[in-house]
Every structure is written in structure tokens, then in C-alpha cells.
Amino acid sequence: MARMESTSGIPTVGFDLDLTLLDTRPGIKAAFEAFSADVGVPIDAELVVSRLGPPLRHELAHWFPEERVPEMVTRYREFYGRYAIEPTVPMPGARDAIQAVREAGGRTVVVTAKNEPHAKRHLVHLGIEADAVVGDLWAEGKAEALRAHGARVYVGDHVGDVRGARSAGALSVAVATGPCPAEELREAGADVVLADLTDFRAWWEGYRG
């Protein structure tokens, strides 16, 4: 198994947010339902939360003409702050995964497609501390932040996260807790596939040797 390398000697691990660290589905569902009622456009909120991962604008493009998407992004985010923060809870093992990295003297960076202010609000609300939070990045775009923070491992639940890790030259650790099943994550090139973050500590300790 490959060993971690870091020019600083301190391991840095990147984590995705939605359905990796946090279960945001109840709050996003509530936000979309309120948003749908307000704008008068029927939106299947259950379908929305079944495919979380890509940026908000990608989802809204399923429901609005392209020229209206930027406006709808702004309007939806008003509902997100009111409806989505409170119901969100950590995914199983999330707190322990962050703690495992910290105990090793490492750093954690959350790299997410979610807008950065809301990502930070979620973590503050739940008392989860990351060393850095970078939002508004998706798939290969996540590589920019992962490289900037020296992350050698990136943990995510979506094939887009696998692509981001590979683009950054980081080890891709996938958790089968989102819309992509384990086999799809493996086929996308994940180096490691875990059932969920409750398996992270054991893997991490073995990886570090």
C-alpha cells in the first residue's frame, strides 16, 4: 500500500461535505420544498436529494431555463440558510475521522461544491473543526484546492470526488454513503472504497503504517 508523502511531514486529508461528512438531505429537501412553493415551480425534492454532489446550478438546470439559473441559485440560497442548517447531522464516523487525522498531527481541509459560507455554517453549527474550508469546487476543479493545501488523500462519496482526487494526484478514498454505489466508485478509479466513515480510522492507521 502506498505511503503518505508530504513535503512538510504533516499529513493533510481532504474531505467532501454532503453525504461524506454531513447528512444534509433532510435540510436540502425542506429548503427545496419551501423554495418550490415560493417560486411556483414544481420540484421533486426527493429526486433532488437522491443525486446530491454536483453544484447547485447543475440541479437547478433540471427545473429552470438556462437563463434563469443564476437568479434561482441566489433565491434558493436564501431558503437554504433558513431551512437546511438546523436539520443537518454528521454522517456516521465523521467526527471520529476528523479526530483520527488530528491525532496523527495532520490537517483536514473540506473541499466541497457547496457555497463556502453555507459549508462553514454547517460545520460551526455542528462543532466540527476543519483546518480549512474551500467551497464552490466540483470534480476536477477540486484538485486546485487539494494541491494548494498539500492534501495527499481526498475522501468523498461521488465519482466527481474520485475525479478530483485523481486530478490532484491524491489517493482517492471513497465512501459508499452517497448516490454512487461502491462498484461505480471503484470503476471510476477510487483507490479505496469504505462502507462509511466508521471504517476510516482503521484504514487510516493501516495506511500510515
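In this predicted model, helices α5 and α10 run roughly parallel to each other, since the angle between them is about 25° and anything under 35 degrees counts as roughly parallel. The helices in question span residues 94-103 (α5) and residues 200-208 (α10), and their axes lie 9 Å apart. As for handedness, α5 and α10 cross in a right-handed sense. On the α5 side, the contact is made by D96, A97, Q99, A100, V101 and E103, while α10 brings in F200, R201 and W204. Sorted by character, the residues of this contact come out as 5 nonpolar, 3 charged and 1 polar.

Helix α5 also turns up in the surroundings of another helix, α6, where it is among the elements covering the buried residues. Helix α6 takes in residues 116-126, and its buried residues are H118, A119, H122, L123 and L126. Looking down the axis of α6, these buried residues fall within an arc of 135°, so they line one face of the helix. The cover over them is a mix of strands and helices: besides α5, it includes α4 (69-83) and the strands β2 (22-23), β3 (89-90), β4 (107-111) and β5 (132-134).

Turn to the face of α6 that points away from its buried side, and the exposed residues P117 and V124 come into view. As for what follows the helix, G127 sits just after α6 and takes a positive phi of about 70°.

How values were computed:
Residues numbered from 1 in each chain as written. Predicted model: local features only at pLDDT ≥ 70, side-chain atom pairs only at ≥ 80, totals over all residues. Heavy atoms only, no water. Axes fitted to C-alpha atoms, helices over the stretch in contact; angles between N-to-C directions. Helix = DSSP H or I, 4+ residues; strand = E, 2+ residues; numbered from the N terminus. Left-handed = near helix turned anticlockwise from the far one by under 90°. Contact = heavy atoms within 4.5 Å. Nonpolar A, V, L, I, M, F, W, Y, C, P; charged D, E, K, R; others polar. Buried < 20%, exposed > 50% of the residue type's maximum accessible area, 1.4 Å probe, protein only. Arc of directions from axis to C-beta.
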